[in-house]
Amino acid sequence: MQGWFLSRKSIRVELSCGSSDKKRVLPEDFFQGRMFCLMADNFFSKNGLRKISRNAVSSLGDDVKRDKSFLIQQKFIGSDFFSCDIFLSYFALPSEVDTALLNEKILSGGKKLFLPRTHLDSYFMDFFEIDGNRNIFEQVEKNNFGIYEPFVNEAAFDANNFLGKRICVIVPCVAFDRERNRLGHGKGYYDYFISVLKKNFCGKAELSFCGFAFDEQIFNYIPVSDNDEKVDCIFTDEEILV
């Protein structure tokens, strides 16, 4: 039996019971008789997986994360998704795939770019448009957690203004699984936003939800609840999951 913490690859093998093409739901007796059975509840909990994923990303180093982020952004720019009309992107945390290059490409291509601003008291977020004719850092500020967010302005994202258009939401993560389930930071910002957008505008606008992740953030299993939202595809530095 491979060791659990030899590498993220070995963890991924164990999570899938030895084969990446097996079902995500593990058999009920998977842990019976195993020496790590006492770790099961924590390891397969959302918080347990968050800790594993964050530790894996933090061990990469800034240079590696920068190179991986560049590859992921280049893959996305070379895909059909980049032909969308409107993009809802983000400013990356240190543990997330950087989007600076992509955001610049969106603006230089004359496309519309919106970035999120969170409401800490309600776990809701709005997206505000970034003016491509101005420096992006003149249009944002750091919140209490040191994350860049756009200033509140009159150009808040409203899908009613883009009916019939192609709208692409770039979704960060703490982790994804191979069935495109997402594990976020636990506040539900993106799950709520995606669910509302799908409910109100599916069929009225062409919606795409694309996840960005380092390969180290991809698991074969993530526990999901009824409120969790999948993405349509995931771009990593090693593959594109659809």
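**Exercise 1.** Which residues do ring pairs link into a cluster?

*Solution.* In this predicted model, the cluster consists of Phe76, Phe81, Phe82, Phe87, Phe212 and Phe235, linked by ring pairs.

**Exercise 2.** Classify the aromatic pair formed by Phe81 and Phe235, and state which parts of the chain the pair ties together.

*Solution.* The structure holds 16 aromatic pairs. In the pair of Phe81 and Phe235, the ring centres lie 6.1 Å apart and the planes meet at 80°. Because planes over 60 degrees apart count as edge-to-face, the pair of Phe81 and Phe235 is edge-to-face. Phe81 belongs to the loop between helix 4 (62–77) and strand 1 (86–88), and Phe235 to strand 11 (residues 233–235), so the contact joins parts that are 154 residues apart in sequence. As for accessibility, Phe81 is partly exposed because its relative value is 21%, whereas Phe235, at 1%, is buried.

**Exercise 3.** Determine how the rings of Phe82 and Phe87 are arranged, and identify the charged end that sits over the ring of Phe82.

*Solution.* The centres are 5.8 Å apart and the planes stand at 40°, so the pair of Phe82 and Phe87 is tilted. Both Phe82 and Phe87 are buried. Over the ring of Phe82 sits the charged end of Lys111, 5.4 Å from the ring centre.

**Exercise 4.** Name the residues that make the nonpolar surface patch of about 250 Å², and place Phe124 in the secondary structure.

*Solution.* The patch is made by Phe124, Tyr192 and Val196. Phe124 lies in strand 3 (residues 124–130). Its relative accessibility is 31%, so Phe124 counts as partly exposed.

Methods:
Residues are numbered from 1 along each chain as its sequence is written. This is a predicted model: local features need pLDDT of at least 70, side-chain atom pairs count only at pLDDT 80 or more; totals for chains, interfaces and linings use all residues. Side-chain values use heavy atoms; hydrogens and water are left out. Patches are made of residues with over 30% relative accessible area and no salt bridge: like charges are joined within 9 Å, nonpolar side chains (Val, Leu, Ile, Met, Phe, Trp, Tyr) within 5 Å. Accessible areas come from the Shrake-Rupley method with a 1.4 Å probe; for residues, only the protein chains shown count as cover. A salt bridge is a side-chain nitrogen of Lys or Arg within 4 Å of a carboxyl oxygen of Asp or Glu. Helices (H or I, at least four residues) and strands (E, at least two) are DSSP runs, numbered from the N terminus. Buried means under 20% relative accessible area, exposed over 50%, partly exposed in between (1.4 Å probe, protein chains only). Rings of Phe, Tyr and Trp (its six-membered ring) pair if their centres lie within 6.5 Å; planes under 30 degrees apart count as stacked, over 60 as edge-to-face and the rest as tilted. A charge sits over a ring if NZ of Lys or CZ of Arg is within 6 Å of the ring centre and within 35 degrees of the ring normal.
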